[in-house]
Structures are given as C-alpha cells and as structure tokens.
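Here is a walk through one protein model, from its core to its empty spaces. Keep the structure open and follow along.

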Amino acid sequence: MAEDELQAIVDELAERLERSVAIDDPGIRLLAASRHFGDEDPVRIDSVLNRTVPPEIVEQILTHGVAQWTEPGRLELGMHDATPRLCAPVRCQGQLLGYLWLLDRGGTLSDADVAAAVEAAERAGTVLYRRLLVRQRSQARHESILRDLVSPDTMIRSQAIDDLRAEELFPDSPLHLAVLAVQCLPDGEPLAEREVELEAAVEEGSRAVPDVALLATNPSRAWLLLALRRPPTRELVDAVTDRIAIRFKHLTRGRSTLVFGLGPTVERLDEVADSYRKAVRAARTAVLVPGVGTIARWGELGPYELLVTLAPDDLAEAARTPDLVALEEADVHGVLIATLTTFFDLGGSAQEAADALCIHRATLYQRLRRIEQVTGRSLQDGDDRLALHLGLKLRALALAFRVNADCHG
C-alpha cells in the first residue's frame, strides 16, 4: 500500500532528525504525518486533525510559489503562532506530486538534515508516481464512462449506467446526483495548455466532496458528477468551487479565471444527462453574463435558462428585432439602450434607474419618452415592455457570444 510506504518514509525521517515531518499532496492535503516532538504548531495540529488546512492558509502557502519549486526552501507563513518550515517538493518524472514538510523552529536545520529531507522526498516521489499511474488508469476508465453517461444515444447511456454500477463506486444508500460544470474564461493562451492545469484544479476540488465525485475534462472545460448521500448544500458547492479556483489560480499564476454552472439535483443515473446539459448551460450563462456571478445555479437564472438554449446564429437573428434596430440607428452613442437596460434591470424603478445612471429623474423620463417615440412601443403596456426587455437580453447575449467567439478564435 502506498499509504504504508509513505508513512514509513515519514516516520523514518522524523525519528532520524527528531522533528515533526509531514507529506501533503499538491493541494496541501495531508497524506502522512509523523508523531510530534514538541515542535508542533496550530497549523500542523489542524492539518493532522482535519487532513487539510483552511483554504486561506492553502492560498497563503501557494502564494509563495511552492508549486514551481524544484529545490527545498524555507517557508514562513506570516502568522504569529506558525513555525517556519522547510518545504521539499516531492517530484518524479518532472511532475509535482506533493510537499514534504519539516518544522524548523529557530532555523536549526543543518545541511545534512536538508539532504535527508530531499532524499526522503525523492523516495516519496517514486511511491506517489506509482500510485498516480494506477489512479490515472482508473480515472481514464471512469471518465470514459462519464462521457457515455451524458451521450445523446440512449443505448450508450444505458451501457454507461451498467458500467458505473459494475464499478461499485457509489454507496448503497439513496443518491443525490448533481453535475458541476467548470468553464475556463478566454485569456489569450492556447486552450490545450490549460487542460493539465484545469484537470489538477478540478481533482483538487473533488477532494472537498464527502462522498463520491467523478470528473471529466476537456481543454477549456471540465465537469464533476457529485454523488452524495444528502442533497448538495450551497456550502458544499462553495467549498468545492473555492478549492478549484484557488488551485487553478496558482497553477496559472492568476492568468486565467474559472466560472461554474450547477445543474439540478436528480436521483437516478438515467437523469444525469439532464443535469449535465443544464450545468453546461448555466456555466455558459456565467461566461456570457458577468452579472450572474462566478457560480451560476440552474433554477436561479430566470430568462437566461431559455435564451442560452438558442444557437449563436439563432440568437443573433432573434436579437435583431425591429424595435432595437430602430433604437440603435437613432442612438449612435448607446445612451438610450443603456438607459432602457438599466431601467428594466432595476424593475422599472425610475428613481433607482436615475441614481444608477447619475442623471436627474426628469432626464430619465425624457429619454424613456424618446425610446417610446423611436420604437413605437409603450412602456405602460405589459407586452411592449416584455418585447423590449427580451430584445435587450437577446442583444446582450448575442454580443457576448460574439466577443467570446473572438477571444477563442
């Protein structure tokens, strides 16, 4: 067992140096820890008790750039009760597999101690690399099944369900299944260069799931199938997305950003395809409509749940309503369109719209009358208001699709 081998490496080094030793995975999740020698600090104790440390400490550690280290280095967390520690990166075949930590109160580690830590990290790297190869084979199998599980072909989906049950991955208790889609925003980098980083980040997020989380990745997007004994809470989803976002931020050095889409919770494997489709559409909404936030939850997106089902060409055509075409031609600076958008987004409140636009309410009324004249619509008529509001949403989505396509192109 890899865990037994890691524990033996940690215990041997700890007894030799008479210092506390631990090995974490790349996401700062505890893999093995020695007994303490009176040198433990609150961070080490928290790590041993919870098998991890709070996200803010993880971010602080990763901010030091340890993910790019190839040699050991000394790390200070900047907390008054945290002991300085030596970090020896655990690598094999060029891959970062974890970190070996030695507490170093007083900076008394000798060159021989550091050399011993490096040698132990190398041995741990060999152990973790073997485990990685086994896990990758298993993950590739599960990923293939997942892709079939959301296939448009009914027979392929049925076979995928049989395969998942044969793998015995899920508990016997009733399941609550939900798909979390992860989308990488365009950043000018080739998408293929983001796939490894995205996969590593999503895998890190899956470790925050108390039950089962299976993942599949593509160059610019990924998704997790959450299989839980209880319906996913907002707190759980936030914990998963926080882990993914923090890990991805540091792997890409802050150059890329992620958004998320959560599909509805279902209770049967043959309903996962529906959760998947809606999760992907929710993530697409988060990409196209920044006001939605970084986590778009299906069921909370209002009219966008209908609008994002349209193909880009259909969306662009639908957005060219006679009303908005006339408004655009009469409004070369976009003032009237911005005014109408703000007015609708604030529920038709004249005062709130005027405040948001930093104009007098009389100026707002003047602009609204001009909009009515140009479009031939009455803002007092419910159908006319709906037509204008829907046209604006279609226009905004069509524009966002075009910008997003340009960034990816």
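Helices and strands are DSSP runs, numbered from the N terminus; a helix has at least four residues and a strand at least two. The model is predicted. Start with the loop between E1 and E2, where Ile28 sits. Phi of Ile28 is near 65 degrees, a positive value in a residue other than glycine. Most residues other than glycine have a negative phi. Is Ile28 buried or exposed? At 3% relative accessibility, Ile28 counts as buried, because buried means under 20%.

Now step back along the chain to Glu18. Glu18 lies in the loop between H1 and E1. Its phi is also positive, near 55 degrees, and it is not a glycine. Here the accessibility reads otherwise. Glu18 has a relative accessible area of 58% and is exposed, because the cut-off for exposed is over 50%.

Next, the nonpolar core. In soluble globular proteins, nonpolar side chains tend to be buried together. The largest nonpolar core in this model has 26 residues. Which of them touch the most other members? They are Leu6, Leu13, Val21, Ile23, Val90, Leu100 and Leu102. Two or more residues of this core come from each of H1, E1, E2, strand E4 (85-92), E5 and H4. H4 gives the largest share, eight residues.

Take Val90 as a case. Residues up to four places away in sequence are left out of its contact list. What remains includes a run of neighbours: Gln95, Leu96, Leu97, Gly98, Tyr99 and Leu100. Ala121, Ala124, Gly125 and Leu128 are also touched by Val90.

Turn to the enclosed spaces. Rolling a probe the size of a water molecule over the atoms shows where empty space is left. How many cavities of 30 Å³ or more are there? The count comes to two.

The largest cavity has a volume of about 120 Å³. Ile28 returns here, as one of its lining residues. Ala22, Asp24, Leu30, Val43, Arg44 and Ser47 are also in that lining. So are Val53, Ile61, Leu77, Arg85 and Trp101. Strand E1 (21-24) and helix H2 (42-50) each supply at least two of the lining residues. H2 gives the most, with three. By class, the lining has eight nonpolar residues, one polar and three charged.

The second largest cavity has a volume of about 100 Å³. Its lining includes Gly27, Val53, Pro54, Pro55, Val58 and Leu62. Glu204, Arg243, Ile246 and Arg247 line this cavity too. Val53 thus appears in the linings of both cavities, because lining residues have an atom within 4 Å of a cavity point. Helix H3 (55-63) and helix H7 (234-251) each contribute at least two residues to the second lining. Six of its residues are nonpolar, one is polar and three are charged.

Last comes the open space. The largest pocket holds about 1,400 Å³. It is lined by 42 residues, and those closest to its centre are Leu132, Arg135, Gln139, Glu203 and Arg207. Elements that give two or more residues to this lining include helix H1 (2-17), strand E2 (30-33), strand E5 (95-103) and helix H4 (111-149). Helix H6 (195-206), strand E7 (212-217) and H7 do so as well. Which element gives the largest share? H4 does, with ten residues. The pocket lining divides into 18 nonpolar, nine polar and 15 charged residues.

H4 therefore links two parts of this tour: it gives the largest share of the core and the largest share of the pocket lining, with its helix defined as a DSSP run.

Technical notes
Residues numbered from 1 in each chain as written. Predicted model: local features only at pLDDT ≥ 70, side-chain atom pairs only at ≥ 80, totals over all residues. Heavy atoms only, no water. 1 Å grid on protein atoms, 1.4 Å probe; cavity = no way out; pocket = protein on both sides within 12 Å on 5 of 7 lines; lining within 4 Å. Points joined across faces, edges and corners; volume = space filled by probe spheres on them. Nonpolar A, V, L, I, M, F, W, Y, C, P; charged D, E, K, R; others polar. Core = buried A, V, L, I, M, F, W, Y, C linked by side-chain atoms within 4.5 Å. Buried < 20%, exposed > 50% of the residue type's maximum accessible area, 1.4 Å probe, protein only. Contact = heavy atoms within 4.5 Å.
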